[in-house]
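Here are some worked exercises for you to try with the structure open beside you. Have a go at each task before reading its solution.

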Amino acid sequence: MTARVLFAGCRRVPEGTGDEDAVVRALTDAGAPTRWAVWDDPTVDFAAAELVVLRATWDYSQRRDEFLAWCDTVPRLRNAARVVRWNTDKRYLLDLAAAGLPIVPTALVEVGAGAHWPDGEFVVKPAVGAGASGARRFGPGDDELAARHLAELHADGRAALVQPYQAHVDEHGETALVFVAGEYSHAFAKAALLAAAPGGQPAGVEELAPAEPSREYRTLAEDTLEASAELLGVAPADLLYARVDVVTGDDGRPVLLELELTEPYLGFTHADPAAPSRFASAVLDQLG
């Protein structure tokens, strides 16, 4: 059976984590056979597919230029290549801040530039990076360690972001709000991942659980989706998927940590049973 839809993965996770298995079954049962393919596999004709959905292309941060060039060759890519180009560089946070969204305070440190370290704990992360890869947590007195990490990122040709660490995350984690075709679908909680130690690195496997976001979190996530769509010149419904990661800031108000429009884990296994069907229906709508 010829696939109408391709879910794009990478060589490390060629068929994702299993989170989308129910989506693949729902699409196939609905007459849209779906299979996985590795995005840089030269034997796959992605241009022939009716729709290509980025799902687990998690090696892009080491090969972003190559990945973006490939995205440009896929005529029916979701999300679209220009969305991917904007969203795979965390400079987008500054665009959203300029649009009036409350974000975790963020300073961009270009290659070769020096940094001002915030008071208290802070995080240094690459501007282009998947998940928590390359992110480190530092505390007061760790300036030398932080400078060393920044120098390593710069030596690799990568700009960096410096952000004050949001202590609320240690106890309450992050809340990931998932939208499908512009509509809220479900949410899940992610436990703190960066260790509270000098040069703290990601602790390993993320702990995830279902979540019911507050009204304030929902409002911020919806505002974020609308603002990003406006910046991109698209309608929110044109974004097949979006994940908005929200935390509570030091002032007790919700702030945007990240907006994932490229290849986010969508947490279907931590959602209500109808969530995979909602996503499958949105894919079918895109097929027309």
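**Exercise 1. Find which strands help to cover the buried residues of helix 5, and work out how those residues are arranged.**

Step 1. Keep in mind that this is a predicted model. Among the elements covering the buried residues of helix 5 are strand 5 (107–109), strand 6 (122–126), strand 7 (136–138) and strand 8 (160–164).

Step 2. Check the length of the helix. Helix 5 runs over residues 143–155, which is 13 residues, and at 1.5 Å a residue it should span 18 Å. Its end C-alpha atoms are 18 Å apart, so the expected span and the model agree.

Step 3. List the buried positions, using the cut-off of under 20% relative accessible area. In helix 5 they are Ala 146, His 149, Leu 150, Leu 153 and His 154. Looking down the axis of helix 5, you find these buried residues within an arc of 140°, so they line one face of the helix.

Step 4. Turn to the face pointing away from the buried side of helix 5: there you meet the exposed residues Glu 144 and Ala 155.

Step 5. Look just past the helix. Gly 157 follows helix 5 and has a positive phi, near 80°.

**Exercise 2. Describe the second largest pocket: what is its volume, and which residues line it?**

Step 1. The volume of the second largest pocket is about 170 Å³.

Step 2. Its lining is made up of Ser 61, Gln 62, Arg 64, Ala 127, Val 128, Asp 156, Gly 157, Arg 158 and Ala 159. You have already met Gly 157, as the residue with positive phi after helix 5.

Step 3. Sort the lining by residue type: 3 are nonpolar, 3 polar and 3 charged.

**Exercise 3. Repeat the helix analysis for helix 8: what does its buried side pack against?**

Step 1. Helix 8 covers residues 275–287, again checked at 1.5 Å a residue: its 13 residues should span 18 Å, and the end C-alpha atoms lie 19 Å apart, which agrees.

Step 2. The buried residues of helix 8 are Ala 275, Pro 276, Phe 279, Ala 280, Ala 282, Val 283 and Leu 287. Down the axis of helix 8 they fall within an arc of 160°, so this set too lines one face of its helix.

Step 3. Their packing partners are strand 1 (5–9), helix 1 (21–29), strand 3 (51–56), strand 9, strand 10 and strand 12 (241–248).

Step 4. Just after helix 8 comes Gly 288, with a positive phi of about 75°.

**Exercise 4. Examine helix 7: which of its residues are buried, and what covers them?**

Step 1. The 18 residues of helix 7 (residues 215–232) should span 26 Å at 1.5 Å a residue, and the end C-alpha atoms are 26 Å apart, in agreement.

Step 2. Buried here are Tyr 217, Leu 220, Ala 221, Thr 224, Leu 225, Ala 227, Ser 228, Ala 229 and Leu 232.

Step 3. The cover over the buried residues of helix 7 includes helix 3, helix 4 (92–98), helix 6, strand 9, strand 12 and strand 13 (254–260).

Step 4. Link this to helix 6 (residues 168–172), where His 168 sits. Leaving out residues up to four places away in sequence, His 168 touches Gly 173, Tyr 217 and Thr 248. Tyr 217 is one of the buried residues of helix 7. His 168 itself counts as partly exposed, at 26% relative accessibility.

Step 5. Gly 233 follows helix 7, and its phi is positive, near 75°.

**Exercise 5. Explore the backbone in two loops: where is there a cis peptide bond, and what is the phi of Ala 181?**

Step 1. The cis peptide bond joins Arg 78 and Asn 79, with omega about -5°. Asn 79 belongs to the loop between strand 4 (77–78) and helix 3 (81–87).

Step 2. Ala 181 has a phi near 50°, a positive value in a residue other than glycine. Its loop lies between strand 9 (174–180) and strand 10 (183–190).

Step 3. With a relative accessible area of 23%, Ala 181 is partly exposed.

How values were computed:
Residues numbered from 1 in each chain as written. Predicted model: local features only at pLDDT ≥ 70, side-chain atom pairs only at ≥ 80, totals over all residues. Heavy atoms only, no water. 1 Å grid on protein atoms, 1.4 Å probe; cavity = no way out; pocket = protein on both sides within 12 Å on 5 of 7 lines; lining within 4 Å. Points joined across faces, edges and corners; volume = space filled by probe spheres on them. Nonpolar A, V, L, I, M, F, W, Y, C, P; charged D, E, K, R; others polar. Helix = DSSP H or I, 4+ residues; strand = E, 2+ residues; numbered from the N terminus. Expected span 1.5 Å × (residues − 1). Buried < 20%, exposed > 50% of the residue type's maximum accessible area, 1.4 Å probe, protein only. Arc of directions from axis to C-beta. Contact = heavy atoms within 4.5 Å.
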